[in-house]
Amino acid sequence: MDYIDPHIHMVSRTTDDYETLAKMGCVAMSEPAFWAGFDRGSVESFRDFFRQLTDFEPRRAAQYGIQHFTWLCINAKEAENVSLSREVIAMIPEFLDKPNVLGIGEIGLNKNTRNEATIFLEHVDLAMRHNQQILIHTPHLEDKYQGTRMILDMLLGDSRIQPDRVLVDHVEEHTIKHVLDKGFWAGMTLYPVTKCTPQRAADMIEKYGSERLMANSAGDWGPSKPTAVPDLILELRRRGHSEAAIRQVVYENPLKFFSQSKRFNFKPPV
Amino acid sequence: MGARMPHTSEQILQQEFLLARAKILELAATLDRIERAGGDVSALPQRKLLEQGFNLLISPLADTGQAGTGQAGPSRAEQVQLLFSREYSDQWRQTFGV
Ligand SMILES: [Zn+2]
């Protein structure tokens with residue numbers, strides 16, 4: 001089945017992974033800017049990272065017939081450094097007209113601190129001033145519930161926000177309803193350990209329906225599996241769901257959400 | 001998703017039984033391992049949280065006024081998630097001054 005991975009960190013993956021993803025049916029992907037595993041030293045480091053996301057990765061993906069899109073920001077972990085964050089936010093507009101940029105992301109919270117919240121709000125303001133869509137990272141483990149609620153408070157506190165242009169990622173059983181009820185899109189991130197399994201993602205689809213719901217692999221530099229979306233497809237088939245119903249979650253929904261960005265020039269495979 | 005759950009509860013029980021059994025066994029062996037190492041962890045917060053988690057699994061959903069059917073209220077998975085979560089206060093913006 002053709003599918004789109006709406007959240008995958010290909011800068012952490014090999015070219016072999018692109019080939020495997022293509023063989024498994026991945027036709028497009030979106031890659032949010034994120035933490036490199038260490039704190040970067042300067043704004044120039046982010047400028048190079050954004051060049052990688054807007055120039056090198058789309059070319060690498062295209063070799064395997066995969067269309068690559070991206071989102072730009074300074075991530076929540078490095079947002080503790082407020083002055084560096086402000087330099088990065090001031091530099092981002094240089095890249096907003098690159099052909100594969102869909103918006104601002106993945107912004108969010110990590111440990112739910114005051115500095116993280118401050119920089120989150122400044123990113124939201126940047127997105128609104130430039131009419132950009134937003135992709136959101138919610139914290140993990142014990143911080144997820146509190147952080148997700150805080151993020152929703154900040155989004156709902158800004159009257160410029162259109163919820164259907166915002167994707168809130170890494171939802172789990174205790175946060176998904178809060179996100180969907182407020183009209184936002186929700187993304188489930190499939191990890192082999194500690195977070196959401198394909199089985200639990202399938203449970204959430206059965207419980208909440210597939211409207212405004214997507215699944216992604218994250219596929220970052222930590223323990224993660226870039227082919228996790230096909231695992232979900234398999235689990236849904238095993239449970240007897242129709243091909244059309246599965247396709248809505250893994251293909252139609254990302255297409256519908258991304259199509260709100262004027263730079264989403266997706267050409268479906270013929 | 002049209003037919004939200006194509007399989008019956010009995011079919012699902014048959015499909016999941018061995019997996020659930022294996023997961024219970026893993027938990028039992030984990031508790032054994034902790035005890036076998038000696039010392040007393042009964043006062044540690046992690047040990048207490050695990051015990052609360054186990055209790056959530058075996059207490060009937062009716063006790064919390066839920067049906068577990070997705071119709072209303074938190075499911076077991078949601079209750080377990082909330083047990084392991086930091087608390088949220090809607091006053092946080094005032095506290096932070098943002
Ligand atoms: Zn990510």
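Helices here are DSSP runs of at least four residues, numbered from the N terminus. In this predicted model, B:Trp92 and B:Phe96 sit together in one of them, helix α4 (residues 92-96) of chain B. The two residues are 4 apart, or about one turn of that helix. In general, an α-helix has 3.6 residues a turn, so residues three or four places apart point the same way. The ring centres of B:Trp92 and B:Phe96 are 5.9 Å apart and the planes stand at 80°, so the pair counts as edge-to-face. As for cover, B:Trp92 is buried at 7% relative accessibility, while B:Phe96 comes out as partly exposed at 21%. The cut-off explains the two labels, because buried means under 20% relative accessible area.

That pair belongs to a bigger topic, the aromatic rings. Over all chains, the structure holds 13 aromatic pairs. Take A:Tyr251 and A:Phe266: with ring centres 6.3 Å apart and planes at 65°, they are edge-to-face, because planes over 60 degrees apart get that name. A:Tyr251 belongs to helix α9 (residues 243-258) of chain A and A:Phe266 to the segment after α9, so the pair ties together parts that are 15 residues apart in sequence. Both partners are tucked away: A:Tyr251 is buried with a relative accessible area of 4%, and A:Phe266 is buried at 13%. These two rings also have company, since ring pairs link A:Phe69, A:Trp71, A:Trp185, A:Tyr251, A:Phe257, A:Phe258, A:Phe264 and A:Phe266 into a cluster.

Rings can have charges over them too. A:Arg247 lies over the face of A:Tyr251, 4.3 Å from the ring centre. Elsewhere in chain A, the charged end of A:Arg40 sits over the ring of A:Phe46, at 4.7 Å from its centre.

Next comes the metal. The zinc ion is coordinated by A:His7 through NE2, A:His9 through NE2 and A:Glu106 through OE, at 2.0 to 2.1 Å. Along the chain, these donors follow the spacing H-x1-H-x96-E. Both A:His7 and A:His9 are buried.

Helix α7 (residues 198-208) of chain A gives a nice look at how a helix is covered. Its buried residues include A:Pro198, A:Ala201, A:Ala202, A:Met204, A:Ile205 and A:Glu206. Among the elements that cover them are two strands, β7 (185-189) and β8 (213-216), along with the helices α6 (176-181), α8 (228-238) and α9 of chain A. Right after α7 comes A:Gly209, which has a positive phi, near 80°.

Charged side chains pair up as well, and the count comes to 27 salt bridges over all chains. One of them joins A:Arg263 and A:Asp97, whose closest N and O atoms are 3.8 Å apart. This pair links distant parts of the chain, 166 residues apart: A:Arg263 is in the segment after α9, and A:Asp97 is in the loop between α3 (82-91) and β4 (101-108) of chain A. The partners contrast in cover, with A:Arg263 buried at 9% relative accessibility and A:Asp97 exposed at 66%.

Helix α7 turns up again in the salt bridge between A:Glu173 and A:Arg200, where the closest N and O atoms are 2.6 Å apart. A:Arg200 is in α7, while A:Glu173 is in the loop between β6 (166-169) and α6 of chain A, 27 residues apart. A:Glu173 is buried, with a relative accessible area of 9%, and A:Arg200 is partly exposed, with 24%. A further salt bridge runs between A:Asp231 and A:Lys225, with closest N and O atoms 2.7 Å apart. Here A:Asp231, at 26% relative accessibility, is partly exposed, and A:Lys225, at 35%, is partly exposed. Some salt bridges share partners, and these join A:Asp203, A:Glu206, A:Glu235, A:Arg238, A:Arg239 and B:Glu16 into one network.

Finally, there is the interface of the two chains. In it, 32 residues of chain A are in contact with 25 residues of chain B. Between them, chain A and chain B bury about 2600 Å², with 55% of it on carbon and sulfur atoms. Across this interface there are 2 salt bridges. B:Arg86 of chain B forms a salt bridge with A:Asp143 of chain A, and their closest N and O atoms are 2.5 Å apart.

Key: Residues are numbered from 1 along each chain as its sequence is written. Chains are lettered from A and ligands numbered from 1 in the order in which they are written. This is a predicted model: local features need pLDDT of at least 70, side-chain atom pairs count only at pLDDT 80 or more; totals for chains, interfaces and linings use all residues. Side-chain values use heavy atoms; hydrogens and water are left out. Rings of Phe, Tyr and Trp (its six-membered ring) pair if their centres lie within 6.5 Å; planes under 30 degrees apart count as stacked, over 60 as edge-to-face and the rest as tilted. Buried means under 20% relative accessible area, exposed over 50%, partly exposed in between (1.4 Å probe, protein chains only). A charge sits over a ring if NZ of Lys or CZ of Arg is within 6 Å of the ring centre and within 35 degrees of the ring normal. Donors are N, O and S atoms within 2.8 Å of the metal (3.2 Å for Na, K and Ca); water is not among the atoms, so sites may look incomplete. Contact means heavy atoms within 4.5 Å. A salt bridge is a side-chain nitrogen of Lys or Arg within 4 Å of a carboxyl oxygen of Asp or Glu. Buried area is the accessible area (1.4 Å probe) that two parts lose on being put together, summed over both.
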